[in-house]
Amino acid sequence: MPRLKIKMSSNIIDTRDARDRKVKQDTRAWAKYTDTNYTTALRQVESPFAKGFLGERVSARQLINTLDDHDLVGADDGDFILGEAGYYADTPWNFNQTSDFTELALLVDFLRMFTPLGSGEKPGVSSYALEHTAADFLGKFFPPASHVSNGRLIWAAAALDLPLVEEEEASPNLMIGISKREHDYVKRMVRAGHTKPRGHQHRPAGFIHLQAALEQCTAGEAVLDRWERPVPSTEVCPFHEWLIKQAGRGDAIGDWTVHYVAGVADSDHRIARTANEYLEILQEVGASDDCYESAENAVAEWVRICAPSQRGITSIRTPRIHSLVEEADVDDSDSGPFERHEFLCPCGEGKIVEEHDSNADFQDNDLLIECEMCSEDWRFVLGLSAWEWRLEPVTTGTAS
Ligand SMILES: [Zn+2]
């Protein structure tokens with residue numbers, strides 16, 4: 001046993017020595033590259049902000065090598081291609097020599113929070129847009145990063161090996177291969193004057209962790225939690241999947257569903273995992289009566305086609321198929337106005353009949369499910385007026 005103990009402590013010392021050696025080499029390389037002294041470079045390399053919150057500590061030598069070796073932005077026969085203002089922008093690096101490395105390490109972490117595009121996907125976020133979002137996100141925790149140059153953003157992306165492509169027109173910006181929806185989400189979260197997203201389906205995987213780590217770091221606390229990129233969710237939402245397929249199908253449901261699809265894409269609201277959530281979302285966003293009625297019809301259609309266990313509803317209304325309204329006969333004092341409205345039943349084979357008959361003496365409101373199958377499976381929700389009837393499944397009752 002004592003032998004084992006000795007072996008373990010020597011391993012720990014080996015690891016520490018290796019780490020110290022790496023820090024020394026990195027510091028020397030950075031001091032040389034940015035023309036600063038060892039102590040100033042060491043302060044940056046060992047800064048708690050540069051420790052790597054969403055991955056390994058960034059290596060200064062790897063950053064420097066990127067500018068030499070990278071396929072797109074690496075130097076061409078010793079001439080730099082990437083500079084402070086961007087790609088082929090003819091401006092060399094303008095190092096402040098006190099926070100350059102820390103800023104680049106933070107930019108690497110900022111980019112790590114997004115989902116990188118897979119091969120075959122076309123990069124769609126400009127380095128110019130990203131540089132501003134990065135500055136807004138990082139600047140409040142690390143003030144020197146409240147201005148980020150286009151070149152440094154590209155540098156960090158290249159060091160991370162994110163897909164990079166040139167813009168269609170010659171430009172100092174490059175297109176960076178991260179999820180555009182996720183970038184739009186972060187931009188709206190951090191940039192002044194933008195309304196904050198109300199749906200979080202496009203929140204980047206590392207967003208919460210990075211923000212929390214930077215807050216701790218700013219408060220002088222040690223950040224100990226390790227972050228692992230989560231496995232992408234495999235949650236299937238049959239109603240949502242069905243609904244987005246209805247977008248643009250050429251009727252009112254198709255037209256309104258286009259707005260739902262856009263709202264999900266733009267993080268204006270969450271995903272409707274169930275039909276019920278769809279109606280809730282429309283109430284939250286203050287949808288118009290027309291939109292809401294169309295949504296009720298969409299839900300009724302969904303109920304007709306899906307298995308009962310997938311309905312995800314508490315109650316429904318169904319589309320109106322026929323209305324009859326008769327004014328009172330002015331010559332007959334016993335007569336009052338009469339209304340009869342017919343709606344599709346949930347299965348679509350029969351109908352729901354709503355009748356209102358009244359005169360000075362009585363008010364008669366009738367509701368009827370005229371369908372053998374649906375009258376077994378559905379009942380009217382108690383406590384609603386006949387004008388506002390809703391149906392609920394008999395099996396699940398009022399439980400949601
Ligand atoms: Zn029916």
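How many residues does helix H4 have, and how far does H4 reach from its first C-alpha to its last? In this predicted model, helix H4 covers residues 100-112, which gives it 13 residues, and its span from first to last C-alpha is 18 Å, close to the 18 Å expected at 1.5 Å a residue. Of the 13 residues of H4, 13 are buried, so the helix is largely enclosed by the rest of the structure.

One residue of this helix, Leu-106, illustrates the surroundings of H4 in more detail. Leu-106 is placed in helix H4, and it counts as buried because 30 C-beta neighbours lie inside 10 Å, where 20 or more are required. When neighbours within four places in sequence are left aside, the contacts of Leu-106 are with Phe-49, Leu-138, Phe-142 and Ala-145. Leu-106 and Ala-156 are 50 residues apart along the chain, yet their C-alpha atoms are separated by 8.9 Å.

Two packed helices are described by the angle between their axes and the distance between the axes. For H4 and helix H5, the latter formed by residues 127-139, the axes come within 11 Å and cross at roughly 105°. H4 and H5 are therefore roughly perpendicular to each other, since angles of 65 to 115 degrees are assigned to that class. Where these helices meet, Leu-106, Leu-107 and Phe-110 are the residues of H4, and Ala-134, Phe-137 and Leu-138 are those of H5. Sorted by class, this contact of H4 with H5 comprises six nonpolar residues, with no polar and no charged ones.

A second crossing involves helix H3, at residues 60-69, and helix H6, at residues 150-159, whose axes come within 9 Å and cross at roughly 100°. H3 and H6 are therefore also described as roughly perpendicular to each other. On the side of H3 the contact is made by Gln-62, Leu-63, Thr-66 and Leu-67, which meet Trp-155, Ala-158 and Ala-159 in H6. The residues of this contact of H3 with H6 divide into five nonpolar and two polar, with no charged residue.

Attention may next be given to the backbone in the loop between strand S2 (86-87) and H4, where Asp-90 is found. Most residues other than glycine have a negative phi, and most peptide bonds are trans. Asp-90, however, has a positive phi, near 65°, although it is a residue other than glycine. Gln-97, likewise not a glycine, has a positive phi of about 70°, and its place is also in the loop between S2 and H4. As to their surroundings, Asp-90 is exposed, with 10 other C-beta atoms within 10 Å, whereas Gln-97 has 15 C-beta neighbours inside 10 Å and counts as partly exposed.

At the level of the whole protein, three domains are assigned, namely domain 1 (2-218), domain 2 (238-310) and domain 3 (320-393). The centres of domain 1 and domain 2, taken over C-alpha atoms, are separated by 40 Å, and 10 residues of domain 1 are in contact with eight residues of domain 2. The side of domain 1 that touches domain 2 is made up of two nonpolar, four polar and four charged residues.

Finally, Ala-219 lies in the loop between helix H8 (207-218) and helix H9 (238-245). With 8 C-beta neighbours inside 10 Å, Ala-219 counts as exposed, because residues with 12 or fewer such neighbours are placed in that class. From C-alpha to C-alpha, Ala-219 and Phe-141 are 9.4 Å apart in space, while they are 78 residues apart in sequence.

Conventions:
Residues numbered from 1 in each chain as written. Predicted model: local features only at pLDDT ≥ 70, side-chain atom pairs only at ≥ 80, totals over all residues. Domains from an automatic or database assignment. Contact = placed C-beta atoms within 7 Å. Nonpolar A, V, L, I, M, F, W, Y, C, P; charged D, E, K, R; others polar. Helix = DSSP H or I, 4+ residues; strand = E, 2+ residues; numbered from the N terminus. Expected span 1.5 Å × (residues − 1). Axes fitted to C-alpha atoms, helices over the stretch in contact; angles between N-to-C directions. Parallel < 35°, antiparallel > 145°, perpendicular 65-115°, else oblique.
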